[in-house]
Amino acid sequence: MESIDGQAQVAREGHELPGTGLTIAADRKGGLVVLTVRGSIDILTVPQLADAVREAISGVPAGLIIDITAVDFLSSAGMAALVTAHENIAPTGKFGVVADGPATERPMRLVGLDETILMYATVEAAAADFAEESNDPYTA
């Protein structure tokens, strides 16, 4: 895995960053970037997520997947950060969120984000969908 935010190395070693409650690991696969997030996404940790997203999209990837299946709390600020990430990559790339379970998928569906953001149960499903779309000769 390639470090995007300088903190991914800490996440790979299995340690939480002191005082943040959030770890983010980045993985680049061709034109796709996957951010794997663990911990709580709240008002205190949203800036860390936003920084990782900014760094990930600075390379203008074809797609960005944010995997929040290991997130134990997703606040409204966290959901707003996901919407902002979607808006920031949408002009040039595809965006999806991997969310499965009551702490992530349920709140996103309750507020209707599943109508705005592509949601997947697994990273593999998201990556397959992204690859399928990029092979479609009828898409720009």
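Biologist: How many bridges join strand β1 to strand β2?
Modeller: First, this is a predicted model, where local features need pLDDT of at least 70 and side-chain atom pairs count only at pLDDT 80 or more, while totals for chains, interfaces and linings use all residues. Residues are numbered from 1 along each chain as its sequence is written, and side-chain values use heavy atoms, leaving out hydrogens and water. Strands (E, at least two residues) and helices (H or I, at least four) are DSSP runs numbered from the N terminus, and two strands pair if DSSP finds at least two bridges between them. Here β1 (residues 22-29) and β2 (residues 32-41) run antiparallel, and the number of bridges joining them is eight.

Biologist: Which residue in the turn of that hairpin has a positive phi?
Modeller: Start at the end of β1: K29 has L32 in β2 as its bridge partner. Two residues sit between the strands, and the one with a phi of about 60° is G30.

Biologist: Zooming out, which strands stand at the edges of the sheet?
Modeller: Five strands make an open sheet with mixed pairing, in the order β1-β2-β3-β4-β5. Two of them have a single partner strand each, so one side of each has no neighbour in the sheet: these are β1 and β5.

Biologist: And what is the average twist from one strand to the next?
Modeller: Angles run from 0 to 180 degrees between N-to-C directions, using lines fitted to C-alpha atoms (for helices, over the stretch in contact). Going from one strand to the next, the twist averages 20°.

Biologist: Which residue in β3 does T36 stand opposite?
Modeller: Look at β2 and β3, which run parallel and are joined by nine bridges. Opposite T36 in β3 you'll find D67.

Biologist: How far apart are the end C-alpha atoms of helix α3?
Modeller: The expected span of a helix is 1.5 Å times one less than its number of residues. With 14 residues, α3 (residues 76-89) should span 20 Å, and the model agrees, because its end C-alpha atoms are separated by 20 Å.

Biologist: Which residue caps the N-terminal end of α3?
Modeller: Place the helix first: α3 lies across β2, β3 and β4, at about 180° to β3. At its N-terminal end, a side-chain oxygen lies 3.2 Å from the backbone nitrogen of A77, and that oxygen belongs to S75.

Biologist: Is K94 buried or exposed?
Modeller: Buried means under 20% relative accessible area, exposed over 50%, and partly exposed in between (1.4 Å probe, protein chains only). K94 lies in strand β4 (residues 94-98). Its relative accessible area is 12%, so K94 is buried.

Biologist: What is the relative accessibility of M79?
Modeller: M79 is found in α3. Contact means heavy atoms within 4.5 Å, and leaving aside neighbours within four places in sequence, M79 is in contact with L74, P107, M108, V111 and L113. M79 counts as buried because its relative accessibility is 10%.

Biologist: How many residues are in the largest nonpolar core?
Modeller: A nonpolar core is a set of buried Ala, Val, Leu, Ile, Met, Phe, Trp, Tyr and Cys residues joined through side-chain atoms within 4.5 Å. In the largest one, the members touching the most others are L35, L64, I66, I68 and M108, and the total is 31.

Biologist: How many residues does the other core have?
Modeller: It lies apart from the largest core, and its members include V34, I65, Y120 and F130. The count for this core is eight.

Note on methods
A polar contact is a pair of N or O atoms within 3.5 Å; within protein, one must be able to donate a hydrogen and the other to accept it, and residues adjacent in sequence count only if both atoms are side-chain atoms.
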